[in-house]
Amino acid sequence: LEHKRTSVLHRAMKGLCWFFWLSTHHLEGERAFRHAVEALRDDPASEEQRIALANALAWHGSTNIWFGHHQESDRLLRESVAILRELPGARRELGVALGYLGWSTSHSSEIAETVALFREAAQLFEETEQLVLLAWIYCMLGASARRQSAFQEQEQWYLQALQLGREIGDQRAIANSYCALGGLATYRGEYAKARRYLDESLSVARSHE
């Protein structure tokens, strides 16, 4: 930010967000992305700068979800989406913003909007071959189906996430999918199947502590 190296900043933000999330430095992350938004607002002239600003808004919005500040995250993420919809070269970034907005609205809005956001994000991630993010969206769609008591649909989304997670070696998607499928099997009274799924989830999680 100090040297106005926008392209470097743009590439760094995703890794920074994951670091702040996984290391539990959540407050530090919120401050960092808030600072980035404030700095990038000063000169958002070029397309690259506008994408960087929208990206910073999306990641800042995601950090607010961590704290349960859903009104603020909703505001930031909707601004990010509005900017990115005007930039044809930012399809991946738009998918990220839509995915996080779906996550945010899942805590406060009608489920129909949440599902629509996740489906649009999934389409963009398929188009741009962002497979790790696509597996995450499949899991979020599975969780949304559970909220609607659409258990068959829930199972299909998590099976898709599990298959994709295996194909790309995404252990988080694999563990999360097995856990959700185990919970669904328990609800259905299929206890032997539930035990298999949950044992698999636990095994994957323990191997990546």
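**Exercise 1: Arg78 and its partner**

Task: Decide how Arg78 counts at 35% relative accessibility, then find where its salt-bridge partner sits.

Solution, step by step:
- Keep in mind that you're looking at a predicted model.
- Buried means under 20% and exposed means over 50%. With its 35%, Arg78 falls in between, so we call Arg78 partly exposed.
- Now look for the partner: Arg78 forms a salt bridge with Glu113, and the closest N and O atoms are 2.7 Å apart.
- Next, place both on the chain. Arg78 belongs to helix α4 (residues 70–84) and Glu113 to helix α6 (residues 111–128), so this salt bridge ties together parts 35 residues apart in sequence.
- Check Glu113 as well: at 29% relative accessibility, it counts as partly exposed.
- Don't stop at two residues, though. Asp74 joins Arg78 and Glu113 in a network of salt bridges.

**Exercise 2: Two more salt bridges**

Task: Which of the pairs Arg188–Glu155 and Glu30–Arg34 links distant parts of the chain, and which sits in one helix?

Solution, step by step:
- Start with Arg188, which forms a salt bridge with Glu155; their closest N and O atoms are 3.3 Å apart.
- This pair links distant parts of the chain, 33 residues apart: Arg188 is in the loop between α9 and α10, while Glu155 is in helix α8 (residues 151–168).
- Then check burial. Glu155 is buried, with a relative accessible area of 12%, whereas Arg188 is partly exposed at 32%.
- Turn to Glu30, which forms a salt bridge with Arg34, the closest N and O atoms being 2.9 Å apart.
- Both Glu30 and Arg34 lie in helix α2, four residues apart, or about one turn of the helix.
- Burial again: Glu30 is buried at 10%, while Arg34 counts as partly exposed at 33%.
- For context, the whole structure has 13 salt bridges.

**Exercise 3: The pockets**

Task: What volume does the largest pocket have, and which helix gives the most to its lining?

Solution, step by step:
- Here's the idea behind the search: rolling a probe the size of a water molecule over the atoms shows where empty space is left.
- The largest pocket holds about 850 Å³ of space.
- Its lining is made of 31 residues, and Trp18, Trp21, Trp136, Arg172 and Asn176 lie nearest the centre.
- Several helices supply at least two lining residues each, among them α1 (6–22), α3 (47–66) and α9 (171–187). The top contributor is α7, with 10 residues.
- Sort the lining by class and you get 21 nonpolar, five polar and five charged residues.
- Now try the second largest pocket, with a volume of about 180 Å³. Of the 10 residues lining this pocket, Leu1, Lys4, Thr6, Ala39 and Leu40 are closest to its centre.
- Two helices, α1 and α2 (26–40), each supply at least two residues of this second lining, and its classes come out as four nonpolar, two polar and four charged.

**Exercise 4: The nonpolar core**

Task: How many residues are in the largest nonpolar core, and which of them touch the most other members?

Solution, step by step:
- The count for the largest nonpolar core is 63 residues, and those touching the most other members are Trp59, Leu84, Leu98, Phe125 and Ile137.
- Helix α3 gives the most to this core, with 10 residues.
- Finally, zoom in on Phe125. Setting aside neighbours within four places in sequence, Phe125 is in contact with Arg92, Gly95, Val96, Gln130, Leu133, Leu134 and Ile137.

Note on methods
Residues numbered from 1 in each chain as written. Predicted model: local features only at pLDDT ≥ 70, side-chain atom pairs only at ≥ 80, totals over all residues. Heavy atoms only, no water. 1 Å grid on protein atoms, 1.4 Å probe; cavity = no way out; pocket = protein on both sides within 12 Å on 5 of 7 lines; lining within 4 Å. Points joined across faces, edges and corners; volume = space filled by probe spheres on them. Nonpolar A, V, L, I, M, F, W, Y, C, P; charged D, E, K, R; others polar. Core = buried A, V, L, I, M, F, W, Y, C linked by side-chain atoms within 4.5 Å. Buried < 20%, exposed > 50% of the residue type's maximum accessible area, 1.4 Å probe, protein only. Contact = heavy atoms within 4.5 Å. Salt bridge = Lys/Arg side-chain N within 4 Å of Asp/Glu carboxyl O.
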